[in-house]
Amino acid sequence: MKKAKDYTCITGASAGIGAEVAKQFAKLGHNLILVARRQERLEKLKQEILTNNPDLDIVIKVTDLSDTDNVVELYESLEKYHIITLINNAGFGNYDKVEDQDLEKTVMLIHLNIEVLTILSTLYVRDYKDCKGAQLINLSSRGGYMLVQNAVTYCASKFYVSAFTEGLALELKANHNQLKAKVLAPAATKTEFGQVATDSKAYDYDEHFTKYHTSKEMAQFLMELYHSDKVVGLVDVTNFEFHLSEPLFDH
Ligand code: NAP
């Protein structure tokens with residue numbers, strides 16, 4: 001149950017899926033904590049959301065999560081807010097054969113997709129495991145349940161996210177904790193993801209994919225997962241339909 005001063009915190013809120021998810025939670029009347037590196041983008045999003053939802057409190061946290069110290073500092077700086085939902089959305093991909101992948105980018109990918117998500121999840125579980133209504137939603141990928149050519153390291157990082165989050169969901173349930181952990185697994189979604197994954201200025205989704213979702217559609221799927229009692233929200237790559245399910249890994 002949402003209280004007056006409940007906040008939803010979204011990492012990677014300056015673009016793509018994260019920005020649309022912020023708008024969806026604003027519609028539910030949640031106050032927001034928006035985290036990313038690009039301050040201008042966050043300010044613009046804040047103004048846009050406030051136009052339709054003037055009563056909300058929207059906190060901007062300009063943070064580069066590539067530095068572990070910043071991750072812990074960020075979490076500690078949020079102590080005064082009651083974070084009813086944490087969305088670990090910040091992440092990126094890389095399209096390359098393993099032998100060609102840039103090592104600096106690869107290390108950063110593993111850091112952001114795996115380490116940052118694990119640190120924030122762990123700190124959140126410690127504080128909110130017995131909080132009724134609290135939810136942790138981690139962004140995996142369809143590539144976190146199947147291997148995709150030319151994206152091996154990215155897929156492996158998202159297999160971690162899927163396994164970690166499903167395992168955490170089972171652990172919380174077994175311990176009768178209140179907090180729910182959930183994992184969203186999008187397939188191709190038109191965002192800045194393609195540009196970042198290919199280190200290019202532009203990326204044509206129509207050229208590379210026969211089907212893809214918009215970030216708004218993906219945010220709506222995330223809300224379906226949020227409102228459900230299921231653990232996994234996954235896009236079926238054969239027909240691009242969205243399905244909710246219990247954990248998928250053997251356990
Ligand atoms: P996007 O448009 O590139 O957005 C990524 C977000 O992460 C941006 O807000 C970016 O903000 C933030 N971010 C990146 N590095 C950061 C850092 N070091 N510190 C803080 N924030 C950082 O990509 P998206 O598609 O929305 O991706 C969101 C999530 O969905 C990711 O976890 C991605 O792996 C997952 N996903 C995407 C797809 C897809 O096809 N798009 C498919 C499956 C899964 P700043 O640059 O301002 O910091």
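**Charged pairs, a negative patch and the cysteines**

Lysine 97 has a relative accessible area of 44%, which makes this residue partly exposed. The model is a predicted one. The side chain of lysine 97 meets that of glutamate 99 in a salt bridge, with a distance of 3.6 Å from N to O. Glutamate 99 is exposed, at 66% relative accessibility. Elsewhere, Glu20, Lys23 and Glu48 are joined into one network by salt bridges that share partners.

One link of that network is the contact between lysine 23 and glutamate 20, whose side chains form a salt bridge at 3.2 Å, N to O. The two residues lie in helix 1, which spans residues 16-27, and they are 3 residues apart, about one turn of the helix. Their surroundings can be read from the accessibilities: lysine 23 is partly exposed at 24%, whereas glutamate 20 is buried, since its relative accessible area of 16% falls under the 20% limit.

What does a salt bridge between distant parts of the chain look like here? Arginine 38 pairs with glutamate 192, and their closest N and O atoms are 3.0 Å apart. Arginine 38 sits in the loop between strand 2 (31-36) and helix 2 (39-52), while glutamate 192 is in the loop between strand 7 (189-190) and helix 6 (193-198), so that 154 residues separate the partners. Arginine 38 is partly exposed, at 37% relative accessible area, and glutamate 192 is also partly exposed, at 23%. In total, the structure has 7 salt bridges.

Other acidic side chains collect at the surface. Asp64, Asp67, Asp69, Glu73, Glu76, Glu79 and Asp127 form a patch of negative charge there. Which element gives the most to the negative patch? Helix 3, residues 68-77, does, with 3 residues. Glutamate 73 belongs to helix 3 and is a member of the patch. This glutamate counts as exposed because its relative accessible area, 51%, is over 50%. Patch members must have no salt bridge, so glutamate 73, as part of the patch, stands outside the pairs described above.

The cysteines come last. A disulfide is a covalent bond between the sulfur atoms of two cysteines. Searching the whole structure gives 0 disulfides. For cysteine 131, the nearest cysteine sulfur is that of cysteine 9, 14 Å away; a disulfide would need the two sulfur atoms within 2.5 Å, and therefore cysteine 131 is in no disulfide. Cysteine 131 is buried, at 14% relative accessibility, and cysteine 155 is buried as well, at 1%.

Conventions. Residues numbered from 1 in each chain as written. Predicted model: local features only at pLDDT ≥ 70, side-chain atom pairs only at ≥ 80, totals over all residues. Heavy atoms only, no water. Patch = residues over 30% accessible without salt bridge, like charges linked within 9 Å, V, L, I, M, F, W, Y side chains within 5 Å. Areas by Shrake-Rupley, 256 points an atom, 1.4 Å probe, with all protein chains shown as cover. Salt bridge = Lys/Arg side-chain N within 4 Å of Asp/Glu carboxyl O. Lys, Arg positive; Asp, Glu negative; His and termini not counted. Charge placed at Lys NZ, Arg CZ, Asp CG, Glu CD. Helix = DSSP H or I, 4+ residues; strand = E, 2+ residues; numbered from the N terminus. Buried < 20%, exposed > 50% of the residue type's maximum accessible area, 1.4 Å probe, protein only.
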